[in-house]
Amino acid sequence: MIIVPEREIGNLITPEASFEAVEAVFAAMARGDAYNFPVIREAIGYADALYGFKSGFDKAGLSLGLKSGGYWPGNAAKGLTNHQSTVFLFDPDTGQPKAIVGGNLLTALRTAAASAVSIKHLSRKNSKVLGMVGAGHQSAFQMRAAVMQRDFEKVIGWNFHPEMLSRLADTAAELGLPFEAVDLDQLGAEADVIITITSSFDPILKDTQIKAGTHLACMGTDTKGKQEVDAALLARATVFTDEIAQSITIGEAQHAVAKGLIGEGDITEIGAVINNTAPGRTSDAQITLFDGTGVGLQDLAVASAAVELAVKAGVAIEVDM
Ligand code: NAD
């Protein structure tokens, strides 16, 4: 069995490699070659922690396993990341353990890759302005992955906690792009592509603030009750997701579905667009919205890629089980 420690991940897997792995597994999901198992997430009644598993099997990529982890709010005080995760991979032919892979950086990379996949397949090709809503840990990864898909000329951003906006400004500078902090009206009026990546439980963006032709990647809502945009916007937009079962229960679409504004049948899996079995954007005026809920197969895909790269680079630690 192989161990790939967290400290090696950053030297091994790039945003480009993460993009390829996630795009391929979304395509496999839509073909029926890969499926996620039911998610477990529990408050463990200790250290205020939330702990769980996301797991699945990709028959095409031969990735079998799970991501285990959760949220420990007291970690920051100990100098540790609050979100902790580890990926376990198994040999699908024998069930034997294959690898243990540090999952913290991989989570950010695979989440950014998912919205980048949606930008590639759904946004207007002439998109010039990227709008960021959210300036937390994930936001920098999101911006870096997004700018690889379109020739953005400018980044604009808004955050509930304005003191955090420097993260967006610094990341845009690193990417050689101008950055402007704006209010939500300006963000909706100017942005061609909007990424929302917050832990909000109330809609931030109003339906009326979004102009025709916008592509939104709503990435923050991954739990029952969270919400980043007006439910009415999902009725106006054409809605895509990573996995419909998650979209309607824990994703951004949960609210529009609960209000009867859209139904399960109105949501398309992005993998079907990748496979050319469903239409993506059909006009320049259409609003497209990707509900990125985060599936276990994304974690397995990037972890498998990291294992291959670690073996090639000679940094995989081999242990007998
Ligand atoms: P973080 O704690 O570093 O940042 C939180 C962000 O949310 C900040 O921008 C903060 O200002 C904003 N925020 C907090 N309270 C808010 C409120 N009441 N209204 C509006 N904004 C508010 O978190 P992060 O690691 O950047 O993650 C952001 C979100 O993305 C979380 O909800 C997380 O669960 C989610 N996430 C989703 C996936 C996925 O696959 N879809 C993967 C990882 C994280």
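The exercises below, each with a worked solution, deal with helix packing, strand pairing and domains in a predicted model.

**Exercise 1. Describe how helix H2 packs on helix H3, and name the residues in the contact.**

Solution.
Step 1: Locate the helices. H2 covers residues 15–31 and H3 covers residues 104–122.
Step 2: Take the geometry. The two axes come within 8 Å and cross at roughly 70°.
Step 3: Classify the angle. Angles of 65 to 115 degrees count as roughly perpendicular, and H2 and H3 are therefore roughly perpendicular to each other. Their crossing is right-handed.
Step 4: List the contact. H2 contributes Pro15, Ser18, Phe19, Val22, Glu23 and Phe26, while H3 contributes Leu109, Arg110, Ala113, Ala114, Ala116, Val117, Lys120 and His121.
Step 5: Sort by class. The contact of H2 with H3 holds nine nonpolar, two polar and three charged residues.

**Exercise 2. Work out how H2 is oriented against helix H11, and how many residues of each class the contact holds.**

Solution.
Step 1: The axes of H2 and H11 are 9 Å apart, at an angle of about 135°.
Step 2: This angle falls outside the ranges for roughly parallel, antiparallel and perpendicular pairs, so H2 and H11 are oblique to each other. The crossing of H2 past H11 is right-handed.
Step 3: On the H2 side the contact uses Ser18, Ala21, Val22, Val25, Phe26 and Met29; on the H11 side it uses Leu297, Gln298, Ala301 and Val302.
Step 4: The classes are eight nonpolar, two polar and no charged residues.

**Exercise 3. Give the packing angle of H3 and H11 and the residues that meet.**

Solution.
Step 1: H11 spans residues 296–313, and H3 packs with H11 at about 115°, the axes being 9 Å apart.
Step 2: The crossing is right-handed.
Step 3: From H3 come Leu106, Thr107, Arg110, Thr111 and Ala114; from H11 come Gln298, Asp299, Val302, Ala303 and Ala306.
Step 4: The contact of H3 with H11 divides into five nonpolar, three polar and two charged residues.

**Exercise 4. Order the strands of the eight-stranded sheet and explain why E10 and E14 each have one side without a neighbour.**

Solution.
Step 1: The order is E10-E9-E8-E11-E12-E15-E13-E14, in an open sheet with parallel pairing.
Step 2: E10 (179–181) and E14 (267–269) stand at the edges with a single partner strand each, so one side of each has no neighbour in the sheet.
Step 3: From one strand to the next, the twist averages 20°.
Step 4: At the E10 edge, E9 (residues 154–158) pairs with E10 in the parallel sense over three bridges. Gly157 has Ala181 of E10 as its bridge partner.
Step 5: Add the helix. H4 (residues 137–146) lies across E8 (129–133), E9 and E11 (193–196), and runs at about 165° to E8.

**Exercise 5. Characterise the hairpin of E3 and E4.**

Solution.
Step 1: E3 (residues 40–43) and E4 (residues 50–58) run antiparallel and are joined by four bridges.
Step 2: Ile40 stands opposite Phe53 in E4.
Step 3: Six residues lie between the strands, and Gly45 in this hairpin takes a positive phi near 70°.

**Exercise 6. State the domain bounds and describe the contact between the domains.**

Solution.
Step 1: The domain assignment gives domain 1 as 2–107 + 297–318 and domain 2 as 120–294.
Step 2: Their C-alpha centres lie 24 Å apart.
Step 3: Domain 1 supplies 15 residues to the contact and domain 2 supplies 18 residues.

Key. Residues numbered from 1 in each chain as written. Predicted model: local features only at pLDDT ≥ 70, side-chain atom pairs only at ≥ 80, totals over all residues. Heavy atoms only, no water. Axes fitted to C-alpha atoms, helices over the stretch in contact; angles between N-to-C directions. Helix = DSSP H or I, 4+ residues; strand = E, 2+ residues; numbered from the N terminus. Parallel < 35°, antiparallel > 145°, perpendicular 65-115°, else oblique. Left-handed = near helix turned anticlockwise from the far one by under 90°. Contact = heavy atoms within 4.5 Å. Nonpolar A, V, L, I, M, F, W, Y, C, P; charged D, E, K, R; others polar. Pairing = 2+ DSSP bridges. Domains from an automatic or database assignment.
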